[in-house]
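Biologist: I am new to this structure and would like a close look at one part of it, namely the salt bridges and the residues that form them. Please also say what lies around them, taking the open and enclosed spaces in turn.

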Amino acid sequence: NERCFPLPPQITPVFFGYNAESESVITKNKPLFKQHQPIGCRDNATKSLFDKHGIAAFVTGCATLTFDKRDQTAATALPVIAFGAGSGVLQQKLLENVPKPLLENARLVYQREPVGEIPLSDDSVAKMDALAQSYLDVYTKASVVVTPLLHVASPCVAMGIPVVLARRDWDDRFTAIDRLLPLYTPTEFSSIDWQVRPLDIEPLKSAMFNVARHLLDDRKPADDDLATLSK
């Protein structure tokens with residue numbers, strides 16, 4: 001986000017799971033990124049922008065992919081459909097293709113909260129943290145989560161929750177999580193595999209933790225870990 005820059009001089013940044021909303025944020029802050037390369041990017045689209053500017057970068061995926069697996073005893077038979085606004089809005093065509101038993105028993109969650117101030121005050125941060133936890137409490141118990149939202153799909157995959165990722169249109173922000181599960185758009189809604197299973201991404205999590213430790217220690221990430229992240 002361009003509003004985060006320039007960084008205060010007392011902050012030493014560690015870029016892990018970073019998403020550039022536009023090329024201009026890289027262009028305007030190129031010396032900073034050069035100084036702190038390699039840059040761990042949330043998606044391949046962001047990495048491509050850094051490649052274009054000759055800045056070393058690699059793809060980590062979203063940091064929420066490191067969430068711990070849920071306790072399987074917490075799972076219920078409750079499906080959850082989580083959606084937002086804009087391209088994350090709930091699609092009527094998707095609902096028409098959801099199996100009737102799943103749809104009739106699903107809990108709908110609207111995961112979108114207006115932000116009235118930037119930067120957030122301490123009180124606002126506490127409220128947002130509590131709200132995020134309330135969403136996670138719902139997802140943790142879900143039998144399956146159907147969503148167009150990256151920040152629902154990513155933590156749910158990490159927690160071992162079956163996920164159907166279906167949205168209005170393709171988005172560059174998904175050019176990392178799409179290596180883990182399919183991203184369905186309207187022309188594919190009729191072919192969604194509803195017998196979705198949880199994914200085991202523990203090797204990926206381990207590589208992400210190792211890379212983060214190296215970056216925090218100002219060391220080059222190990223090639224083996226980078227190879228795991230790129231699979």
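**Salt bridges and their surroundings**

Modeller: In this predicted model, Asp-51 is partly exposed, with a relative accessible area of 39%. Its side chain meets that of Lys-47 in a salt bridge, at 2.8 Å from N to O, and Lys-47 is partly exposed as well, at a relative accessible area of 23%. Asp-51 and Lys-47 stand four residues apart in helix α3 (residues 44-52), which means that about one helical turn separates them.

A similar spacing is found in helix α5 (residues 100-105), where Glu-104 and Lys-100 are four residues apart, about one turn of the helix. Glu-104 and Lys-100 form a salt bridge whose closest N and O atoms are 3.8 Å apart, and both of these residues are exposed.

With Arg-167 the setting changes, because Arg-167 is buried, with a relative accessible area of 1%. Arg-167 forms a salt bridge with Asp-169, the closest N and O atoms being 3.9 Å apart, while Asp-169 counts as partly exposed at 28% relative accessibility. Both belong to a network of salt bridges that links Arg-167, Arg-168, Asp-169, Asp-171 and Arg-173. Over the whole structure, a search finds eleven salt bridges.

Arg-173 leads on to the enclosed space, since it is one of the residues that line the largest cavity, together with Arg-42, Gly-61, Cys-62, Leu-65, Leu-150, Ala-176 and Ile-177. That cavity holds about 50 Å³ of space, and the count of cavities of 30 Å³ or more comes to one.

The largest pocket, by contrast, holds about 1,400 Å³ of space. Of the 35 residues that line this pocket, the closest to its centre are Arg-42, Gln-111, Arg-112, Val-115 and His-151. The elements that give two or more residues to its lining are α6 and α7 (150-158), and α6 gives the most, with seven residues.

Helix α6 (residues 122-140) also contains Ser-124, which is buried at a relative accessible area of 17% and whose side chain makes a polar contact of 2.3 Å with the side chain of Glu-117. Ile-118, in the loop between β4 (107-110) and α6, counts instead as exposed, at 56% relative accessibility. Ile-118 joins Val-115, Leu-120 and Val-125 in a nonpolar patch on the surface, with about 320 Å² of accessible area together.

Key. Residues are numbered from 1 along each chain as its sequence is written. This is a predicted model: local features need pLDDT of at least 70, side-chain atom pairs count only at pLDDT 80 or more; totals for chains, interfaces and linings use all residues. Side-chain values use heavy atoms; hydrogens and water are left out. Buried means under 20% relative accessible area, exposed over 50%, partly exposed in between (1.4 Å probe, protein chains only). A polar contact is a pair of N or O atoms within 3.5 Å; within protein, one must be able to donate a hydrogen and the other to accept it, and residues adjacent in sequence count only if both atoms are side-chain atoms. Patches are made of residues with over 30% relative accessible area and no salt bridge: like charges are joined within 9 Å, nonpolar side chains (Val, Leu, Ile, Met, Phe, Trp, Tyr) within 5 Å. Accessible areas come from the Shrake-Rupley method with a 1.4 Å probe; for residues, only the protein chains shown count as cover. A salt bridge is a side-chain nitrogen of Lys or Arg within 4 Å of a carboxyl oxygen of Asp or Glu. On a 1 Å grid over the protein atoms alone, a cavity is a set of points where a 1.4 Å probe fits but cannot get out, and a pocket is an open set with protein on both sides within 12 Å along at least five of seven lines; lining residues have an atom within 4 Å of a point. Grid points are joined across faces, edges and corners, and a volume is the space filled by probe spheres set on the points.
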